[in-house]
Every structure is written in C-alpha cells, then in structure tokens.
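Q: I'm a first-year student, and I'd like a close look at one part of this model. Could you pick one region, walk me through it slowly and explain the terms as you go?

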Amino acid sequence: MGNNFKNQEGYADPTAGQAIAQVIKEEKKYRPLVYICSPFSNDPEGNTEKAKRYSRFAVDSEAIPFAPHLLLPLYMKEESERGLALFMDMVFLSKCEELWVFGDKISSGMQAEIDKATRKNMKIRYFTEGCEEVVKEEA
C-alpha cells in the first residue's frame, strides 16, 4: 500500500500510505488474551474502578484484557448467584492465555483463579495496585 496510496485528489501520497500501512500492521500485531484477576466483592464500586484501570493497563501493554467482574455484575446478582458467577469465571479463565493478578490482597475467589491457572500451567503475572510488576519467588 505504501507507494501506491493516493490522496483524495488522486495524487500519489507515499507518506500517508506508509502511515496507513503501519497502522494496519499494528492492528494485526498479536496480543495475548489476559484474564484480569483482582478483588471485587469487598468493595464492588471501588474495585470496579480499579479493574477498569487494570484493564486499560493491559491494553496499553499490548494485551487483550478480560475482566469478568466488570461484565457479570451487569446481569447477575452477587448475593444470590456468586457460585454460578465463580463457575463462569473459571470457564472464562480457561479461554485466556495468561492470568494477571493485581493488588497485594488475594481474595478466596482470586485464589481459586490462581489455583486453576497454576493447574493449567498458564503464565501468571503479578502486579501492584499501581500496575508495577512484582516478581514472585517460586516455592
């Protein structure tokens, strides 16, 4: 596309053509699907905002984030459907390539996700609430 691109008047415009080709190339770049693992139930409103920030961080890190705790509360009740939601979380997790764990407090739901990812030999990355990666020592 680079040198064959023409502007709206029909004149050759290789600079714009190269820019468009670069954008198309970037759009086709591989991005892993990552599961965002962070607290929810102890502070749904505050933790929803954090999950949004973590998801944006993943996008900026060239990943495709999936945060079920941003989606499921739109149509499920935490109080009465928590078990079903946790089951669905595990199904979603199995479709992802990596698990990204945020924060220093691990809830029981988060631990279940970490355990499943460990059993599936998924790549697990840990981050602070400020989105700084933390290297975990292997036991």
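A: Let's take the sheet, strand by strand, along with the residues around it.

First, some ground rules: this is a predicted model, where local features need pLDDT of at least 70 and side-chain atom pairs count only at pLDDT 80 or more, while totals for chains, interfaces and linings use all residues. Residues are numbered from 1 along each chain as its sequence is written, and side-chain values use heavy atoms, with hydrogens and water left out.

The sheet is open and has 5 strands, in the order β2-β1-β3-β4-β5, with mixed pairing. Helices (H or I, at least four residues) and strands (E, at least two) are DSSP runs, numbered from the N terminus. Two strands count as paired if DSSP finds at least two bridges between them. Look at the two edges: β2 (64–66) and β5 (133–134) each pair on one side only.

Start on the β2 side. Strand β1, residues 33–37, runs parallel to β2, and 3 bridges join them. One pair to find is Leu-33, whose bridge partner in β2 is Ile-64. Helix α4 (residues 78–95) packs on the sheet here, touching β1, β2 and β3 (98–102); contact means heavy atoms within 4.5 Å. The direction of α4 makes about 145° with that of β1. For that angle, axes are lines fitted to C-alpha atoms (for helices, over the stretch in contact), and angles run from 0 to 180 degrees between N-to-C directions.

Just before β2, in the loop that comes from α2 (44–60), sits Glu-62. Glu-62 has a positive phi of about 65° although it is not a glycine. That's worth a glance, because most residues other than glycine have a negative phi. Glu-62 is partly exposed, at 35% relative accessible area; buried means under 20%, exposed over 50%, and partly exposed in between, using a 1.4 Å probe and protein chains only.

What about the cysteine that closes β1? Cys-37 is buried, with a relative accessible area of 0%. The sulfur of Cys-37 is 11 Å from the closest cysteine sulfur, in Cys-96, so the two are too far apart for a bond. Cys-96 is buried as well, at 8% relative accessibility. Across the whole structure, the search finds 0 disulfides, a disulfide being a pair of cysteine sulfur atoms within 2.5 Å.

Now cross to the other half. β3 and β4 (123–127) pair in the parallel sense over 5 bridges. In β4, the bridge partner of Leu-99 is Ile-124. Between these strands the chain passes through helix α5 (residues 108–119), making a right-handed β-α-β unit. Right-handed means that, with the strands pointing away from you, the path from the first strand over the helix to the second runs clockwise.

At the far edge the direction flips: β4 and β5 run antiparallel, joined by 2 bridges. Here Phe-127 has Glu-133 in β5 as its bridge partner. The hairpin of β4 and β5 has 5 residues between the strands, and among them Cys-131 takes a positive phi near 65°. Cys-131 is buried, at 14% relative accessible area.

This corner also has charged pairs. A salt bridge is a side-chain nitrogen of Lys or Arg within 4 Å of a carboxyl oxygen of Asp or Glu, and the search finds 6 in the whole structure. One of them joins Arg-125 to Glu-133, with the closest N and O atoms 2.7 Å apart. Arg-125 is partly exposed at 21% relative accessibility, and Glu-133 is partly exposed at 45%.

Another salt bridge brings together the side chains of Glu-129 and Lys-50, at 3.3 Å from N to O. This pair links distant parts of the chain: Glu-129 is in the loop between β4 and β5, Lys-50 is in helix α2, and they are 79 residues apart. Glu-129 is partly exposed at 37% relative accessibility, and Lys-50 is partly exposed at 26%.

For contrast, stay in α2 and find Arg-56 and Asp-60, which form a salt bridge with the closest N and O atoms 2.6 Å apart. Because Arg-56 and Asp-60 are 4 residues apart in helix α2, about one helical turn separates them. Arg-56 is partly exposed at 48% relative accessibility, whereas Asp-60 is exposed at 52%.
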